[in-house]
Amino acid sequence: MPKAQSTSGTSATPAQQIASFIAKFDGPRARLIRSARTALRKRLPTSIEQVYDNYNFLAIGYCTTERTSDCIVALACAANGVSLSFYNGAALADPHKILLGSGKQNRFIRLESARTLSEPAVESLIRAAVAQAKTPLPKTSRGYTLIKSISAKQRPRRNATAD
């Protein structure tokens with residue numbers, strides 16, 4: 001069983017905390033977050049899953065170390081949608097022109113469903129992001145979940161028109 005840690009000062013397990021973070025979203029969005037998270041854990045089983053329940057987003061990053069700067073990809077979850085964020089996406093070759101954003105570092109794709117993660121162009125970007133990581137993913141260890149921060153003040157996680 002992978003170890004799980006929390007830096008939030010609560011006695012709830014990371015699994016309980018994540019469930020409570022996701023429960024803030026409307027039903028369809030919560031289902032998408034859960035299914036995308038499951039798909040990414042299967043795709044990156046040795047990564048450290050870092051969770052930030054911040055003001056703007058619930059961010060679930062898949063990292064090679066406990067340093068956030070070693071994040072490969074992350075789910076960025078908000079009331080208006082879920083995206084797969086590539087931490088160093090600006091450096092990725094994107095022959096299919098599916099990456100969005102214009103910042104110096106980050107790029108993202110919007111997830112319509114968890115099936116988007118298995119589309120060939122997206123799979124190719126994930127493989128490239130893993131390959132370009134400064135610190136490689138461990139080959140044999142199991143990853144674990146680390147709750148990094150929980151913001152006391154947050155934007156609403158549900159659209160005003162949702163359920």
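A salt bridge here is a side-chain nitrogen of Lys or Arg within 4 Å of a carboxyl oxygen of Asp or Glu. By that rule, the count comes to five.

Some ground rules before the pairs. This is a predicted model, so local features need pLDDT of at least 70, side-chain atom pairs count only at pLDDT 80 or more, and totals for chains, interfaces and linings use all residues. Residues are numbered from 1 along each chain as its sequence is written, and side-chain values use heavy atoms, with hydrogens and water left out.

Start with Lys-24. Its partner is Asp-53, and the closest N and O atoms are 2.6 Å apart. This pair links distant parts of the chain, 29 residues apart. Lys-24 sits in the loop between α1 (14–22) and α2 (27–43), while Asp-53 belongs to strand β2, residues 48–53. Helices (H or I, at least four residues) and strands (E, at least two) are DSSP runs, numbered from the N terminus.

Are the two ends of that bridge buried or exposed? Buried means under 20% relative accessible area, exposed over 50%, partly exposed in between, with a 1.4 Å probe and protein chains only. Asp-53 is at 0%, so the acid counts as buried. Lys-24 is at 30%, so the base counts as partly exposed.

Next, Arg-43 and Glu-123. Their side chains meet in a salt bridge at 3.3 Å, N to O. Again the pair links distant parts of the chain: Arg-43 is in helix α2, Glu-123 is in helix α3 (residues 120–132), and 80 residues separate them. Arg-43 is partly exposed, at 27% relative accessibility. Which residues join this pair in a network? Arg-127 does: salt bridges with shared partners connect Arg-43, Glu-123 and Arg-127.

One more bridge. Asp-70 and Arg-67 meet through their side chains at 2.5 Å, N to O. Asp-70 has a relative accessible area of 5%, so this acid is buried.

Now the cysteines. How many disulfides does a search of the whole structure find? Zero. Take Cys-63: the nearest cysteine sulfur is that of Cys-71, 3.8 Å away. A disulfide is a pair of cysteine sulfur atoms within 2.5 Å, so this pair does not qualify. Seen from the other side, Cys-71 is in no disulfide either, and its nearest cysteine sulfur is that of Cys-63. Cys-63 counts as buried because its relative accessibility is 1%. Cys-71 is buried as well, with a relative accessible area of 9%.
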